[in-house]
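The following exercises ask for a careful reading of helix packing, of a contact between chains and of a contact between domains. Work through each task before turning to its solution.

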Amino acid sequence: MRKLSGFGVACLAAVLAVGYGCGGGQPPAKVVSIGMILPITGPAASAGNEAYQAIQLAIEDANAAGRLGSYQLRLVARDDVSDPKQAVSSAKDLASNPDVLGIIAHFNSGCYLPASRVYHENQVAAITPAATNPEITLQGYPEIHRIVTTDQVQGEAMGQYISARGLKRLAIIHDKTQYGEGIAKVVRAASSGAGVEVVSFDGIQVGDKDFRAILTAVRGKKPDGVFFGGLYDEGGLLVKQMRELGMAQTFFGPDGIKGKDFTDVAGAASNGSIVSFVGKPIDQMTTAKSFLANYEKRFGRPVENFGPYAYDVAGIFIAVLEKIVQRGDAPTRAGVLSELKKIQYPGVIGQTEFDEHGDTKNKAISFYRVENGQFVFVEATGDLSS
Amino acid sequence: MTPPGLAASRWAVWVLPQIAMVWLVAFLVTPEVQSVRRAADLLPILNLAVLIGGAVWAVRFFLKSDLCRHMMESQDVTPRILAQSVFLAAAVLPVVLCVLEKYYWIHVLAISLIYVLLAISLNIVVGLSGLLVLGFSAFYGIGAYVAAILTTGAGSSPHLIWALLPAAAGLAAGFGLLLGAPTLRLRGDYLAIVTMGFGEIVRIILTNWEGLTRGPISISGVAPFHLAGWSFNRPFSAGPIRLDGDTQYYFLLLLTVAFFVLITHRLSHSRIGRAWVAFREDELAARCYGIDVTRYKLLAFAVAASGAGIAGVYFASLQGFVDPTSFTFLESVLILSMVVLGGMGSLPGCAAAAVILQVLPEKLQMLREYRMLIFGALMIVFMCIRPEGLIPSRRRLRRIREVPVP
Amino acid sequence: MPAEAFFQHLLNGLTLGGMYALIAIGYTLVYGIIELINFAHGEIFTFGAFLGLLILSTLASTPIGSTAPALVPAFLVSMLVTAGLGVTVERVAYRPLSRASRLALLISALGASVFLMNAMMLTFGRDSKPFPVYLAAPIYERGDLVVRQIDVFLMVLTLALCILLDQFVRKTRLGRAMRSVAQDREAAQMCGVSVSATIAVTFALGSALAAAAGILNGLYYGVVRFDMGFLAGMKAFTAAVLGGIGNIRGAMLGGIVLGVSESLIPALLSAPPFSVPEIFDYKDAVAFLILIAVLIIRPSGLLGEELPEKA
């Protein structure tokens, strides 16, 4: 018994010592952290990884150039697997970490929406590089921002574009996600309003590969064009199976379609498809040239979709922190948030400025056509200045 | 037994769970390894290794010691006292974490408690009654959506949330009977596949019946629990300690789990529980003894489903939103894993496994893309090393010991 | 509905059903012999597809590269190697648990499934990989109906493999050994059958068929992804149970029935006279409803035997 008591006390002491000794480990005083939650694995991993890499590039360049003076910039990264539950967990993780002063938040609208409440409750600024669902910024939380414009804007532009090309009958398919169904509904409303008849509105399941049944039924309704609200994988399969079923209609898609995966999966079938994207056309912009070159040199593959946006989100946080540090203040969450609201950031994608809801004032939408497996710029709408 | 042995046993029962709780805190607060710049950056890994290695060694040492033998044999050290001690440790745990300001882990633990509730409920059908159910997340989802739909939208009242607990339990139980009734004749694995189908059908309806559930667009703004005007969402300061929303939910969940553990324990040691075990082992013999298998099967379905329904209400309220992707087949399989990994039919085993299976993936976040790979490997290894589960139920242990090894 | 559209849906159903059948056979073989729902089988299917992709890409630079004969080595090698993987999984994850409860086996299978899927994700990448194009030319076209070479190839190959397997199980010595171990393990041992070898062969056969299904899937849809095994596996398992789990001919029948119903029923319901809107959203529910309906009428599946309750 004596042996056991001594043993018990020794156990306790050891556990406490080791646990608290290392558990209380704080990072060295002169480090400033930015959080990041993106889908590094899961269905959107392709796009998520491009964004992640762009952010890493931004952080490394900032540290190398010593932009924050004596402070070292650190990235705390989390994976949300495009799962809302995981997104909320990771959001709580980063938001409750007092060292994290700002968060680059999520790719999927379905993730950003529930997580936004966490950011609001913890009063930490969050900017998304890609989530486009309008509801996110309509909640009235001052911490929530986005650098891309909403699906409301994008969907309406798409609806107008379709109508302007003379199509009379449109079939709409969506992938039953917050994003896909959301933008499909906007396109439905916008194109109907512009005089196009929407002949069908159906949903498919993400992860499914066989859409012949639904496409055969759509074929029977004789549309002039097909719009799909969803991501590149299902989009590629859809357009491919359309061609195999002898359907020659033009395929229209939103920003979730733009990516090498679409042209890879669909092959020659993807030619002629029209894809919209938020913001001004990147490859046409002089401000983007050095970033695109650097990215390709560092990671060995060209930028496909959201890399520039993620890069600018990181850049905005860096610029804000730089301003605070140069003023001689200690960086805090409140400081970051207030600077964020005032910023006019000249970035890779053009000028970014936030309105009272946290949306970007940059409401340009670009249209691309697929030619020989490449996305070629066609035209853009909205304010294209700067 | 000598008086010193008796005193030591009683003392040990109260102290050991507290030591385990301290160990858990140390485990949770160990920081993750970000980038390795100096040798000191590897210290957290060493810390974890020491914690885990030390725990394994300590447990083995303890199991062989005289004290353990005394505790097992003593009539004073009942499961009831042990349970009380464990619940005390569980109640102190979040307070310690609040003092250390590690609120994230309280969130994870609160969610773990929801899964403990789910695992205990599933244990009733799978562990005790031997009915393999693969679509359990359906009942969970029904409870969550009931809470979401009735507390948001036009004409709803947030104060309903308390009333929704029994309402969701009742509705889920009803669905449980709906599933159980036509499947009474089905043999083991056929039942499994039908329940899987049921789970999928419910999920597909939740995803597509937009008029009711808003489909894939999640329902957010689910009401938090209220008590006399105080919303459980708001942080609560008791002196220097700040208890945030998740902590309050944690305590609420702990009370519910305690309640369910009590009910389940009573049930499994009653005539009903014995009937369940009887037809789990041999349905034909049970019928021959006059046990109304039909009635007990339906009862098992109803009780299990109602537990899941209540867990769903808590989940919806804690998260503040519901969407159909939380209730997939994989979710059902995860809950089943908790029951099997914990030791089928064993309450403490299910609870322990539920906590481990929620905490471990979060702790392994530092492995990033290798996380699930290692997790899968660990599952295989664990089952091969210890197929009877973490804490096998006493009945099963007795059975395993009695069967002569060929 | 015009006749051509009907036949198009029927064709879709038959090709889909053929793929389900090949995968379902693997589930039913394993279940028959060790009473395990092999969760990892979907990943075996995916692995076979990726292996086929690898071989075809390597062959693409050789003279016979892009022509149909290149498929022969692709199928053979992939089926062989995947069979090896199946046997390895059995050895590592299931054999140690041969005396444990069935649920312990199930969880181990689940762990194996998670492990394999993530291993493939890390090895082959997260994005969808395009599958090289073979046999895509249309053979017959009339109105809405388009029959391509690949459709015929798929149905012929599936039929051939099913017949081969059926004959193997019924006529050869190894086949008899498999059936005997599935029926009564101890009696088979007493007759001198090596149980462990027989189990290994069972896994090998099931995995080889799954590999063939994987390559066919890649050829048919033109794309493979690391997580494609999950949905396909779940459907195929449903098909196996539909036909009577443990019964090989049942698995084949179940696969066809499921594929055809899944394609035809929503299509029929969406067309006049029913014109149910948004029926395709519920397409997957149709598969499960059919299963439940069949099991309520025939609790052991379409071709399953009414086995007495095991004492």
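**Exercise 1.** In this predicted model, determine at what angle helix H7 (residues 161-180) of chain B packs with helix H13 (residues 293-319) of chain B, and classify the pair.

*Solution.* The two helices pack at an angle of about 140°, and their axes are 7 Å apart. Because angles over 145 degrees count as roughly antiparallel and those from 65 to 115 as roughly perpendicular, H7(B) is oblique to H13(B). The next step is the handedness, and here H7(B) passes H13(B) in a right-handed crossing. Sorted by class, the residues of the contact between H7(B) and H13(B) comprise 19 nonpolar, six polar and one charged.

**Exercise 2.** Describe the side of chain C that touches chain A, by element and by residue class.

*Solution.* Begin with the extent of the contact, in which 26 residues of chain C meet 26 residues of chain A. On the chain C side, two or more residues each come from helix H1 (3-34), helix H9 (228-243), helix H10 (248-270) and helix H11 (283-297) of chain C, and H1(C) gives the most, with five residues. By class, this side of chain C has 11 nonpolar, seven polar and eight charged residues.

**Exercise 3.** Establish how far apart the C-alpha centres of domain 1 and domain 2 of chain A lie, and which helix of domain 1 gives the most to the side touching domain 2.

*Solution.* Chain A is divided into domain 1 (31-149 + 284-354) and domain 2 (152-278 + 366-381), whose C-alpha centres lie 29 Å apart. In the contact, 16 residues of domain 1 of chain A meet 16 residues of domain 2 of chain A. On the domain 1 side, H4(A) gives the most, with three residues.

Methods:
Residues are numbered from 1 along each chain as its sequence is written. Chains are lettered from A and ligands numbered from 1 in the order in which they are written. This is a predicted model: local features need pLDDT of at least 70, side-chain atom pairs count only at pLDDT 80 or more; totals for chains, interfaces and linings use all residues. Axes are lines fitted to C-alpha atoms, for helices over the stretch in contact, and angles run from 0 to 180 degrees between N-to-C directions. Helices (H or I, at least four residues) and strands (E, at least two) are DSSP runs, numbered from the N terminus. Angles under 35 degrees count as roughly parallel, over 145 as roughly antiparallel, 65 to 115 as roughly perpendicular and the rest as oblique. A crossing is left-handed if the near helix is turned anticlockwise from the far one by less than a right angle, and right-handed if clockwise. Ala, Val, Leu, Ile, Met, Phe, Trp, Tyr, Cys and Pro count as nonpolar, Asp, Glu, Lys and Arg as charged, and the others, Gly among them, as polar. Two residues are in contact if their C-beta atoms, placed from the backbone, lie within 7 Å. Domain bounds come from an automatic or database domain assignment.
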